[in-house]
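Biologist: I have a structure open in front of me and would like to learn how to read it. Could you walk me through some features, one at a time?

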Amino acid sequence: AGKKVMMYCTGGIRCEKASAYIRNTVDGVQSVNHLKGGIHKYLEEYGNEGLWQGKNFVFDGRGAADAIETKLGKDDSVQTQEGDS
């Protein structure tokens, strides 16, 4: 009883649905929270300055992207290893 759940998803929409499901069907759960916008939004905002470690699954053919790869194209100051923006 009184369990707290924290979840995150790639873009957040599955967490919206899953957290509602958990709230309505799992006994003993006090609260369900999720990262708004998912880990993708978090990485776009914080990049390597955030607390995320590892890679995030992405749906654009790369399979997985780290914080810098996720932020590419969102911030002109971020450079690839080859020096291209």
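Biologist: Let me begin with strand pairing. Which residue in β2 is the bridge partner of Val5?

Modeller: Before we start, keep in mind that this is a predicted model. The partner of Val5 is Val32 in β2. Another pair to look for is Met6, which stands opposite Asn33 in β2.

Biologist: How many bridges join β1 to β2, and do the strands run parallel or antiparallel?

Modeller: There are five bridges between β1, residues 3–7, and β2, residues 29–34, and the two strands run parallel. Follow the chain from one strand to the other and you pass through helix α1, residues 13–25; together β1, α1 and β2 form a β-α-β unit that is right-handed.

Biologist: Lys3 caught my eye. Where is Lys3 found, and is Lys3 buried or exposed?

Modeller: Lys3 is in strand β1. To judge exposure, look at the relative accessible area: Lys3 has 53%, and since over 50% counts as exposed, Lys3 is exposed.

Biologist: And which residues does Lys3 touch, apart from those up to four places away in sequence?

Modeller: Those are Gly28, Val29, Gln30 and Ser31. Take Gln30: 27 residues separate Lys3 and Gln30 along the chain, yet their C-alpha atoms are 5.3 Å apart.

Biologist: Now the inside. Which residues make up the largest nonpolar core?

Modeller: That core has five residues, namely Met7, Cys9, Cys15, Ile22 and Val32. You have met Val32 already, as the bridge partner of Val5. Beyond its neighbours within four places in sequence, Val32 contacts Val5, Met7, Ser19, Ile22 and Arg23.

Biologist: Ser19 is in that list. Is Ser19 buried or exposed?

Modeller: Ser19 counts as buried because its relative accessibility is 1%, under the 20% cut-off. Ser19 belongs to helix α1, and outside its neighbours within four places in sequence it contacts Met7, Val32 and His34.

Biologist: Let's move to the other helix. Which residues of α2 are buried?

Modeller: In α2, residues 38–46, the buried ones are Gly38, Ile39, Tyr42, Leu43 and Glu44. After α2 comes Gly47, with a positive phi near 50°.

Biologist: I also see some rings. How should I describe a pair of aromatic rings?

Modeller: Use the distance of the centres and the angle of the planes. This model has two aromatic pairs. Tyr8 and Trp52 make an edge-to-face pair, with 5.4 Å centre to centre and 85° between the planes. This pair links distant parts of the chain, 44 residues apart: Tyr8 lies in the loop between β1 and α1, and Trp52 in the loop between α2 and β3. Tyr8, at 48% relative accessibility, counts as partly exposed, and Trp52, at 21%, also counts as partly exposed.

Biologist: What about the rings of Tyr42 and Tyr46: how far apart are their centres?

Modeller: The centres are 4.9 Å apart and the planes meet at 40°, so this pair is tilted. There is a helpful general idea here. An α-helix has 3.6 residues a turn, so residues three or four places apart point the same way. In this case, Tyr42 and Tyr46 both lie in α2, four residues apart, about one turn of the helix.

Biologist: Is each of these two tyrosines buried or partly exposed?

Modeller: Tyr42 counts as buried because its relative accessibility is 18%, while Tyr46, at 39%, counts as partly exposed.

Terms used:
Residues numbered from 1 in each chain as written. Predicted model: local features only at pLDDT ≥ 70, side-chain atom pairs only at ≥ 80, totals over all residues. Heavy atoms only, no water. Pairing = 2+ DSSP bridges. Right-handed = clockwise from strand over helix to strand, strands pointing away. Buried < 20%, exposed > 50% of the residue type's maximum accessible area, 1.4 Å probe, protein only. Contact = heavy atoms within 4.5 Å. Core = buried A, V, L, I, M, F, W, Y, C linked by side-chain atoms within 4.5 Å. Phe/Tyr/Trp six-rings, centres within 6.5 Å; stacked < 30°, edge-to-face > 60°.
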